[in-house]
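Me: I have a structure open and would like to learn how to read it feature by feature. Could you walk me through it?

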Amino acid sequence: MSRDINSKFWDEELETLPREELEKRQLEDLKEIVKFAYDHAPYYKRSFDEAGVKPEDIKTLKDIQKFPFINKKTQRDTQGVGSFLGELAAVPEEDVVFISTSSGSTGVPTMSPFTKKDFDEFQDTESRWFWQIGMRPNDRYVHALNFSLYVGGPDVIGAQNLGALCIWGGTLPSERLLFILKTYKPTIIWTSPSYAWQLGEKALKAGYDPKKDFNIKKIIVAGELGGSIDATRKAIEEIWGAEVFDFYGLSDIFGACAAQCEYHDGLHIAENHILVETVDIHTGEVLEPGEVGELVFTTLRKHARPLIRFKTGDIGRIDTTKCKCGRTHGRISILGRKDDMFIVSAVNVFPSDIEAVIREQSDLTGEYLIRIFEKDFTSKYAVEVEKAAGIAKDDETVAAEVSAALKARIGVKPAKVIVHPDGGLDTRSEHKSRRVIDERNIDYNI
Ligand SMILES: [Zn+2]
């Protein structure tokens, strides 16, 4: 590999393209992919015809706004229809070399196919993120993500292509993972934020000092919002003595579509692959960069199954101004899943807002559970927390302080704060933690 290891960029020209040039390339690819989708994917032919739009209508990037949205339901309704790959697929099965499937939180798994070129470009993008956080060929990297069907599994190839020594950890039991950290002294690990937190606690309980006994310098987290919540990121950094980087992936596109740089100010998204729109959650009206809404992605280069105006279900915003790191690709910030957002007294509340408050309280362990329920025909929320060992304050005082902090940050206070002792909540998990229980339509006596 001839790449200069001192360069901060994996692909300097691409990553620092002036916006005008970047958008010119996006437009070329958009024209091509919309035509390809129309010509080869039965669903797009039908839906564009019904909407009265044709590929030739794309003259500027904004013209994408004339085209209909798709969402997860479109994928479910069309997969397996007409062929194994379904009506959104635009290539025959013999051109497909890989599929990932997502279980998601609801319903039938959806499948995401890749051609050989799609897959190679996917891994080149993953290499870009790894390089961006400082991974170099002399790093040892543990990929502690699920390999079964999950689109994040193959990302290890991106690290390997970069030249790092890769340890395909998968979802090992924590004792074995700690053994690897102790024995092989890897420098970088990728896992979920809740597991990074749990593993640190387990290491401490097993008698290790994660800062001294291991050699972890960087931790990549994804799959949950914690990595973008400053208080959570700092708490994980504190346990490990390592820098935490948040990645954002979508099972429908890439294991990581976006990643933080050293400034941790939003996540750079691969705009050469993804055209980002932000739309009003209710009306679908297109919003300006910087405004908060549902993120809608159009894949610009994936030919196996192009996604044209895919509503991701993620609420966030994009900042298209140049980052201090020199990269020109926009930075997204995710506030939460549309499905997770709940409304209390006309205020939009995201579980991530609650997490940020809880992780800032020094009297708490940081574990929490949110219950959303209905009372008197309106939604309310209750929060359960754990008081850290050795805190002398009584539970009522701790509860009152948490309640006041939540009211100050979110604008509406919880109906109740329940304080458990350290270890009293059953939220510690090996993978993704379940921290939100929606009990609406269920009677909750409080
Ligand atoms: Zn940056």
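Me: Let me start with Arg440: is Arg440 buried, exposed or partly exposed?

Reply: Keep in mind that this is a predicted model. Arg440 has a relative accessible area of 23% and is therefore partly exposed, since buried would mean under 20%. Arg440 belongs to the segment after β19.

Me: Which residues does Arg440 touch, leaving out those up to four places away in sequence?

Reply: The contacts of Arg440 are Phe342, Ile372, Phe373, Glu374 and Ser379. Take Ile372 as an example: 68 residues separate Arg440 from Ile372 in sequence, yet their C-alpha atoms are 6.4 Å apart.

Me: Now to sheets. What is the order of the strands in the open sheet of four strands?

Reply: First the general idea: strands of a sheet pair through backbone hydrogen bonds, either parallel or antiparallel. Here the order is β18-β17-β16-β19, and the pairing is mixed. The edges are taken by β18 (416-421) and β19 (436-438); each has a single partner strand, so one side of each has no neighbour in the sheet. On average, neighbouring strands are turned by 20° against each other, direction ignored.

Me: How many bridges join β16 to β19?

Reply: Three bridges link β16 (residues 364-375) and β19, and the two strands run parallel. To find the pair on screen, look for Ile370, which stands opposite Val436 in β19.

Me: Which strands does helix α11 touch?

Reply: Helix α11 (residues 351-360) packs on the sheet and touches β16, β17 (378-387) and β19. The direction of α11 makes about 145° with that of β16. Helix α12 (residues 395-410) lies across β16, β17 and β18, and α12 runs at about 130° to β18.

Me: Let's move to β12. How many of the residues of β12 are buried?

Reply: In β12 (residues 310-319), eight of the 10 residues are buried, so the strand is largely enclosed by the rest of the structure. On the pairing side, four bridges join β12 to β11 (residues 293-299), and these strands run antiparallel. Phe297 is opposite Phe310 in that pair. Six bridges join β12 to β13 (residues 331-337), again running antiparallel. There, Ile315 has Gly336 as its bridge partner.

Me: How do I read a single residue inside a strand, say Ser100 in β1?

Reply: A useful idea is that in a regular strand the side chains alternate between the two faces of the sheet. Ser100 sits in β1 (residues 96-102) and is buried, with a relative accessible area of 1%. Beyond its neighbours within four places in sequence, Ser100 is in contact with Thr110, Met111, Ser112, Phe114, Leu149, Tyr150, Val151 and Ser251.

Me: What should I look for in the backbone angle phi, for instance at Lys185?

Reply: Most residues other than glycine have a negative phi, and most peptide bonds are trans. Lys185 has a positive phi, near 50°. Lys185 lies in the loop between α7 (174-183) and β5 (188-191) and is partly exposed, at 30% relative accessible area. Arg309 also has a positive phi, of about 55°, although Arg309 is not a glycine. Arg309 is in the loop between β11 and β12, and at 2% relative accessibility Arg309 is buried.

Me: And empty space: which residues line the largest cavity?

Reply: Rolling a probe the size of a water molecule over the atoms shows where empty space is left. The largest cavity holds about 70 Å³, and its lining is made of Gln75, Thr78, Gln79, Leu85, Leu88, Met111, Pro113 and Arg305. By class, four of these are nonpolar, three polar and one charged. At least two lining residues come from each of α4 (72-78) and β2 (110-115).

Me: What about the second largest pocket: how many residues line it?

Reply: The second largest pocket is lined by 18 residues, and Lys62, Gln65, Leu275, Val276 and Pro289 lie nearest its centre. Two or more lining residues come from each of α2 (19-40) and β10 (274-279), with β10 giving the most, four residues. The volume of this pocket is about 450 Å³, and the lining divides into eight nonpolar, four polar and six charged residues.

Technical notes: Residues are numbered from 1 along each chain as its sequence is written. This is a predicted model: local features need pLDDT of at least 70, side-chain atom pairs count only at pLDDT 80 or more; totals for chains, interfaces and linings use all residues. Side-chain values use heavy atoms; hydrogens and water are left out. On a 1 Å grid over the protein atoms alone, a cavity is a set of points where a 1.4 Å probe fits but cannot get out, and a pocket is an open set with protein on both sides within 12 Å along at least five of seven lines; lining residues have an atom within 4 Å of a point. Grid points are joined across faces, edges and corners, and a volume is the space filled by probe spheres set on the points. Ala, Val, Leu, Ile, Met, Phe, Trp, Tyr, Cys and Pro count as nonpolar, Asp, Glu, Lys and Arg as charged, and the others, Gly among them, as polar. Two strands pair if DSSP finds at least two bridges between them. Axes are lines fitted to C-alpha atoms, for helices over the stretch in contact, and angles run from 0 to 180 degrees between N-to-C directions. Contact means heavy atoms within 4.5 Å. Buried means under 20% relative accessible area, exposed over 50%, partly exposed in between (1.4 Å probe, protein chains only).
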